Amino acid sequence: MSNFIVMQNATHEEEISGGYMWSPQKNKNGNSNHAYERMATIKAGNKIYSCYDQAIRAVGITTSDCYIAEQPHELQEKNLWSDEGYKVDVDYTILEHPIMIRDVWGDMESDRPQKYSAFQENGRGNQAYLFPCSEAWASLFDSFLNEGSLEAEAEAEAEAELIEDGEIKEERFSTSSYELGESRVSNRVAGGTNKRGRVVSQQQLQKDLRKLKEIGDIAEQKVFEYVKKKVIEVFGEKYGEQVEHVAQTQGDGLGYDITAFDYLQPQSPPKPIKIEVKGTTSTSTSAVYSISYPELEKFIQYKDEMWLVRVYGVGKNQEMKMEIDNDFSSYNSVSDLLTLKYAYIPSTIDVYGTRVENNK
């Protein structure tokens with residue numbers, strides 16, 4: 001399915017309320033452009049991200065192929081375009097919480113196309129009607145659409161088709177925004193009372209858990225292979241042989257998955273590191289992930305040698321990339337992590353006893 005971004009600053013009220021997109025075939029000078037020509041390529045079932053006032057404010061699914069149509073009457077009143085045009089029927093949903101481009105541009109910028117980008121280098125919108133939307137941007141936008149239900153993400157993970165013969169294509173440091181995370185937490189908490197959780201059978205739950213474990217296992221293996229290769233490149237075979245996938249060799253109870261050496265800041269002898277891996281099939285760096293309390297304790301215990309590595313696009317051969325967070329040295333407790341580092345929502349509370357008033 002193809003994805004598109006439509007810039008509707010001048011026409012959003014008419015087009016969204018009318019359930020369509022319309023563009024001229026040529027401008028008033030008789031010239032065509034890439035945006036008008038792109039309209040002619042739209043097919044039923046394409047996804048449309050509606051952008052106006054510097055935010056994605058509606059999402060639509062096209063319900064028709066593009067067809068030739070005169071300019072709708074309500075647009076003719078604007079006297080901006082010639083009457084011969086292209087039209088597509090669209091089923092729009094207006095977002096309760098618009099996605100402000102300035103808030104997510106840090107996650108979008110690296111995937112900005114060199115040609116026909118909907119946004120400039122500074123994140124401002126370009127002056128044209130219709131642009132292609134990459135899978136990376138679509139995945140990022142969609143991560144906000146599912147904010148009300150983490151169960152939806154689990155369902156997507158559970159249905160994902162995975163391959164195991166790919167490799168990590170990109171490595172970078174963590175760039176996630178605490179402020180953006182806080183906004184997402186506020187939105188989800190505010191909307192939580194209106195959401196209905198996903199109800200599944202025990203059989204489906206077990207299937208989901210098996211798939212999530214499979215995703216995690218693939219992510220760990222890919223990070224192990226990638227890190228070992230890097231250690232060999234920097235320190236040689238001797239140290240490469242000491243890189244260990246401890247989650248496999250010693251079990252999952254250590255609070256980390258891999259032991260290796262810090263190839264990013266080489267020193268002699270090499271500095272040992274411990275790596276905890278989190279994997280997702282999503283290619284969006286805004287995808288939600290889970291951390292257990294014991295894992296947080298390990299982040300503090302080994303804070304000077306701990307790496308949290310997130311792997312995106314697990315099982316998607318050409319899209320796997322890893323993001324490293326090794327910034328734990330300035331935190332002295334789990335409380336510090338939860339109040340100063342992470343924007344989060346508590347998932348469970350373990351109860352060990354209940355106070356009961358004695359009414360006798």
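**Buried elements of the predicted model**

In strand β12, burial extends to both faces, with Lys-321, Glu-323 and Asp-325 covered on one side and Met-322 and Ile-324 covered on the other. The model described here is predicted. The division into two sets follows a general pattern, in that side chains of a regular strand alternate between the two faces of the sheet. The strand spans residues 321–325, and five of its five residues are buried.

Strand β12 has pairing partners of both senses. With strand β8, which comprises residues 170–173, β12 pairs in the parallel sense over four bridges, and Glu-170 stands opposite Lys-321 of β12. With strand β11, formed by residues 306–312, the pairing is antiparallel and runs over five bridges; here Arg-310 has Glu-323 of β12 as its bridge partner.

Helix α5, residues 135–145, is likewise largely enclosed by the rest of the structure, because eight of its 11 residues are buried. The buried set consists of Ala-136, Trp-137, Ala-138, Ser-139, Leu-140, Phe-141, Ser-143 and Phe-144.

Burial is also found in a loop, namely at Gln-8, which lies between β1 (3–7) and α1 (12–18). Gln-8 has a relative accessibility of 0% and therefore counts as buried, the cut-off being under 20%. When residues up to four places away in sequence are not counted, Gln-8 touches Glu-15, Ile-16, Tyr-20, Met-21, Ser-50, Cys-51, Tyr-52, Tyr-92 and Tyr-129. Of these contacts, Met-21 is 13 residues from Gln-8 in sequence, and the C-alpha to C-alpha separation of the pair is 9.0 Å.

Technical notes
Residues are numbered from 1 along each chain as its sequence is written. This is a predicted model: local features need pLDDT of at least 70, side-chain atom pairs count only at pLDDT 80 or more; totals for chains, interfaces and linings use all residues. Side-chain values use heavy atoms; hydrogens and water are left out. Buried means under 20% relative accessible area, exposed over 50%, partly exposed in between (1.4 Å probe, protein chains only). Helices (H or I, at least four residues) and strands (E, at least two) are DSSP runs, numbered from the N terminus. Two strands pair if DSSP finds at least two bridges between them. Contact means heavy atoms within 4.5 Å.
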